[in-house]
Amino acid sequence: MTMWTSLDPAAVAVEPGGRATARLRVRNTGDTVEEYRLSVVGAPAGWARVEPDTLRLYPGSEATAEISFAPPRSPDAPAGPASYGIRVEPRQHPDVRDVLEGQVTVAPFSELRAELLPSVLVGRFRTRASVAVDNLGNTALTASLTLRDETNRLTYEMAPNSVQVAPGRAAFAKLVIRPQQVRWTGGSEQHRLTLMVRRSGDDTGLAVSGTFDQRPVLPRWLLVAGSGLVAASVAFVALWMGFQPKVNTATGEMQAGSSAQPVPQGAESPLPSAPASVPPVQPGASVPAGAGAGGGGGGGGGDAAASDLGAGPPVVPPPPKAAPKAAPNAPQGPVWDMGYKPDDIVTFAQYRLATLGNECTLRPGWTAGIIDKATQTSLACYQQHVMRDQKSSRQLTATDKKPGTLGRATLASMWAQGIQAEDVKAGANNFKVRQLAAALWWANQSQISDADLDRDRGYAKQGIDYFKAAQQGGAPMKSDGNLAKAIKDYQSYVGLPTTGVADQKTINWLVGGDVKDRGVPGR
């Protein structure tokens, strides 16, 4: 043995976001100059460091290195004790390396986030929604869910009404809301909702706001049209009853003729001239057309900016065909391909493709929720267009298997289309922020569970509503610290500077389909 080592203290405790240290002493007990390389091994290695990491000692001399532990305030540093080791490896005699064992205990902290998907609900007799609860802490939590409305005129069913969420994961509950009284006529009525999420042991809770737009069963336009139809019918009957045409018989004409005074010859009033004849419309003749709308916008060349791919004028796409019933053994994405089960996530992608306004636009006649031939062709065109763009990376089909299939890279690209950096700056509150959050959600997932897909479908339904409304309005979302963290995570995954700010380069990389763990489909 050419060294002596000591670790003091062997066990430390640290708060997430804080810092704790231990001291390593190394003495050269050999008879030659030696260099010792130091490194941390074990679970805490990702947030621990040793300084200096190399000690050069003369025979009989001793030196000290400091081990610092700085666990992040995130689920990446689980609460509780974790063992670690300090490897000390002599350069001249690597066979006598030593590992000193220690323990660091990370204190627990709790943080949760909840969201009502969608935040604006619409219905006549009832409406459905999902509640997403994210555990941003480093320890498992149990949360109870309750709902109330300001006027106490709604009833609801929550299943389940209590969820258990592991650190860094999300749990979902299904929500059904029914009005106590049905509105048969009149205008819509707005009910303000408050979802309370209370963590076990915390009486304060988290409040999430939403709105239920209760629509009348008989819309106003139907009542107006019905009233007009009734009025027209009454007027028609009145005119018909008041009109009594005079009918003269031959006997009456003879009697009238015998009593009439003769008219002097030449005193008759002249007959009016006949109107000019109108030539008949020939069969097959067409009516002259007025000025029509211009043709569909052709796509830009291969060098066009990726974020301009869907920059055509907002349009309302025609309704799609209904999806056929899936085979019992049909696979489920991602990645979605022909023959897969119908999914709202695919429907969102189809609406995105149907509103591009270029050569890749999905033409009318597509079937909602499945990859049919028209969708496959449009999807492949979109992917090739994006990957030709010099401003974005070329990772799209490297993750989504092949052109014409829909995976997490293509979905991240579609959600990020049309976003500008100024739209999503800190404090912004609009639908572009929600688009960015959805794009990051796809880009930062490399292992997608069924619960993750439920959240993805919530985003997809909001996107479908947005495109059905000609890209107007949309459920807004605020750019806050949670979004900044998701941006920072994405930047670290793909090798960009970790600023936590969605600059145009970060957005272009999302449009290009560069995602965490490139090449991993996610399922």
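"Which way does H9 pass H10, in a left-handed or a right-handed crossing? Hold on to that one for a moment, because I'd like to start with the helices. One caveat before anything else: this is a predicted model.

Okay, the answer. H9 goes past H10 in a left-handed crossing. H10 covers residues 504-511, and its axis and that of H9 come within 11 Å. They cross at roughly 70 degrees, and that makes H9 roughly perpendicular to H10.

There's another helix pair to put beside it, H3 and H6. H6 is residues 408-416, and it packs with H3 at an angle of about 50 degrees. The axes there are 11 Å apart. With that angle, H3 counts as oblique to H6. The handedness is left-handed here too: that's how H3 passes H6.

If you're wondering about the vocabulary, two packed helices are described by the angle between their axes and the distance between the axes.

Right, sheets. What is the strand order in the open sheet of five strands? Reading across, you get E2-E9-E8-E4-E6, and the pairing is mixed. At the edges you find E2, residues 11-14, and E6, residues 54-57. Each of those has a single partner strand, so one side of each is left without a neighbour in the sheet. Ignoring direction, neighbouring strands in this sheet are turned by 25 degrees against each other on average.

Zoom in on E4 and E8. E4 is residues 34-42, E8 is residues 80-90, and they pair in the antiparallel sense over seven bridges. If you want a spot to click on, Tyr 36 stands opposite Pro 90 in E8.

Then there's an open sheet of four strands, in the order E10-E12-E16-E14, and the pairing in that one is antiparallel. Its edge strands are E10, at 112-117, and E14, at 154-159, each pairing on one side only. The twist from one strand to the next averages 25 degrees. Between E12, residues 127-135, and E16, residues 170-179, there are eight bridges. One place to look is Ala 129, whose bridge partner in E16 is Leu 175.

Now the part I suspect you've been waiting for, the empty space. Rolling a probe the size of a water molecule over the atoms shows where empty space is left.

How much space lies in the largest pocket? About 1,400 Å³. It's lined by 44 residues, and the closest to its centre are Arg 113, Asp 134, Leu 136, Trp 441 and Arg 455. Several elements give two or more residues to that lining, including E10 and E12 from the sheet I just described, plus E18 at 206-214 and H7 at 431-443. Which element has the largest share? That's H9, with seven residues, so to speak our opening helix again. By class, this lining comes to 17 nonpolar, 12 polar and 15 charged residues.

The second largest pocket holds about 700 Å³. Thirty residues line it, and nearest its centre are Pro 118, Val 120, Lys 461, Gln 462 and Asp 465. E11, at 120-123, supplies at least two lining residues, and E12, E16, H3 and H8 each do as well. H8 gives the most, with nine residues. The class split is 13 nonpolar, eight polar and nine charged.

Last stop, the cavities. How many cavities of 30 Å³ or more does the count come to? One. The largest cavity has a volume of about 30 Å³. Its lining is Phe 348, Arg 352, Met 414, Trp 415, Phe 431, Gln 435, Gly 463, Tyr 466 and Phe 467. At least two of the lining residues come from each of H3, H6, H7 and H8, and H8 gives the most, with three. That lining divides into six nonpolar, two polar and one charged.

So if you open the model this afternoon, you could begin with H8. That helix is the top contributor to the lining of the second largest pocket, and it's the top contributor for the largest cavity too. Okay, that's me done. Questions?"

Notes: Residues are numbered from 1 along each chain as its sequence is written. This is a predicted model: local features need pLDDT of at least 70, side-chain atom pairs count only at pLDDT 80 or more; totals for chains, interfaces and linings use all residues. Side-chain values use heavy atoms; hydrogens and water are left out. Two strands pair if DSSP finds at least two bridges between them. Axes are lines fitted to C-alpha atoms, for helices over the stretch in contact, and angles run from 0 to 180 degrees between N-to-C directions. On a 1 Å grid over the protein atoms alone, a cavity is a set of points where a 1.4 Å probe fits but cannot get out, and a pocket is an open set with protein on both sides within 12 Å along at least five of seven lines; lining residues have an atom within 4 Å of a point. Grid points are joined across faces, edges and corners, and a volume is the space filled by probe spheres set on the points. Ala, Val, Leu, Ile, Met, Phe, Trp, Tyr, Cys and Pro count as nonpolar, Asp, Glu, Lys and Arg as charged, and the others, Gly among them, as polar. Angles under 35 degrees count as roughly parallel, over 145 as roughly antiparallel, 65 to 115 as roughly perpendicular and the rest as oblique. A crossing is left-handed if the near helix is turned anticlockwise from the far one by less than a right angle, and right-handed if clockwise.
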